[in-house]
Amino acid sequence: VLGEKLTLIDEPHITKASGARYFDGEGVATKRLPVFENGVLKTYYIDTYSANKMDVKPTIASPSILTMQMGDKNTESLIASVDKGILITGFNGGNCNSTTGDFSYGIEGFLIEKGKLTQPISEMNATGNMITLWSNLVETGNDPRLLSSWRIPSLLFDGVDFSGL
């Protein structure tokens, strides 16, 4: 479904982590659950109501702790590898069409030129399609936010459309 660089695992039993749990809100036992492996969709989140309607086994109703397979570079090393690009540090609203995957988000961050941050940017837009975006994942960092239930490292994408600079 997505680029082969994307491996996302639900890891609900990480000790003392935000989002850790042994059961979901419906009492279904949690377990390590691959969501994407090398871009291939491996599971859906199916609560007991939906599972009964579809005559399938429930998984769990929602994610616990999402972890992404990490690379070997930190944010600074990823920036150094970019000739020209944008480091996104924040999102200022936007939308995504859940049927088509088309998105448009307001962003802020820094312009990258020859591996260096050169100037701050704000009130720009990033636009595209989610499937195309995730298929263009070039590299993952090694710096997830450990205090979040979404342990996603810095990500380097190719071919993202920006406007406003």
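Let's start at a turn: strand 6 and strand 7 form a hairpin, with 2 residues between them. In that turn sits Lys114, and its phi is positive, about 50°. Please keep in mind that this is a predicted model.

Now follow the two arms of the hairpin. Strand 6 covers residues 102–113, and strand 7 covers residues 116–129. How many bridges join strand 6 and strand 7? There are 11, and the pairing is antiparallel. If you would like to find two of the partners on screen, take Phe103, whose bridge partner in strand 7 is Gly128. Then take Gly106, which stands opposite Asn125 in strand 7.

Stay with Asn125 for a moment, please. On strand 11, Asn125 stands opposite Ser163. Strand 7 and strand 11 pair over 3 bridges, again in the antiparallel sense. A word of background for those new to this: strands of a sheet pair through backbone hydrogen bonds, either parallel or antiparallel.

Let's step back to the whole sheet. In what order do its 4 strands run? The order is 5-6-7-11, the sheet is open, and the pairing is antiparallel. Strand 5 and strand 11, which spans 161–163, are the edge strands, since each of them pairs on one side only. On average, neighbouring strands of this sheet are turned by 35° against each other, direction ignored.

Strand 5 takes us to our next stop, the largest pocket. Strand 5 runs over 84–96, and it gives the most to the lining of the largest pocket, with 8 residues. How much space lies in the largest pocket? The value is about 1800 Å³. Its lining has 47 residues, and the closest to the pocket's centre are Phe91, Trp134, Pro153, Leu155 and Phe157. Which kinds of residue make up that lining? They divide into 35 nonpolar, 7 polar and 5 charged.

Several other elements supply at least two residues each to the lining, among them strand 6 from our hairpin, helix 2 (75–80), helix 3 (130–135) and strand 10 (155–157). Strand 2 (33–37) and strand 4 (66–68) are also on that list. If you wonder how such a space is found at all, rolling a probe the size of a water molecule over the atoms shows where empty space is left.

Next, charges. Side chains of opposite charge can pair when their charged atoms come close. The count here is 3 salt bridges, and we can visit each of them.

The side chains of Glu11 and Arg32 meet at 3.0 Å, N to O. Both residues lie in the loop between strand 1 (8–10) and strand 2, so the pair ties together parts that are 21 residues apart in sequence. Arg32 is partly exposed, with a relative accessible area of 49%.

Our second salt bridge is between Glu37 and Lys42, where the closest N and O atoms are 3.9 Å apart. Why does Glu37 count as partly exposed? Its relative accessible area is 31%, and partly exposed is the class between 20% and 50%. Lys42, at 46%, is partly exposed as well.

The third salt bridge brings together the side chains of Lys73 and Glu139, at 3.5 Å, N to O. This pair links distant parts of the chain: Lys73 is in the loop between strand 4 and helix 2, Glu139 is in strand 8 (residues 137–140), and they are 66 residues apart. Is Glu139 buried or exposed? Glu139 is buried, because its relative accessible area is 18% and buried means under 20%. Its partner Lys73 is partly exposed, at 26%.

Let me finish with backbone angles, as we began with one. Lys16 is not a glycine, yet its phi is positive, about 60°. You will find Lys16 in the loop between strand 1 and strand 2, and at 85% relative accessibility Lys16 counts as exposed. Asp55 also has a positive phi, near 60°, in a residue other than glycine. Asp55 lies in the loop between helix 1 (48–54) and strand 4. With a relative accessibility of 72%, Asp55 counts as exposed, because exposed means over 50%.

Terms used: Residues numbered from 1 in each chain as written. Predicted model: local features only at pLDDT ≥ 70, side-chain atom pairs only at ≥ 80, totals over all residues. Heavy atoms only, no water. 1 Å grid on protein atoms, 1.4 Å probe; cavity = no way out; pocket = protein on both sides within 12 Å on 5 of 7 lines; lining within 4 Å. Points joined across faces, edges and corners; volume = space filled by probe spheres on them. Nonpolar A, V, L, I, M, F, W, Y, C, P; charged D, E, K, R; others polar. Pairing = 2+ DSSP bridges. Axes fitted to C-alpha atoms, helices over the stretch in contact; angles between N-to-C directions. Salt bridge = Lys/Arg side-chain N within 4 Å of Asp/Glu carboxyl O. Buried < 20%, exposed > 50% of the residue type's maximum accessible area, 1.4 Å probe, protein only.
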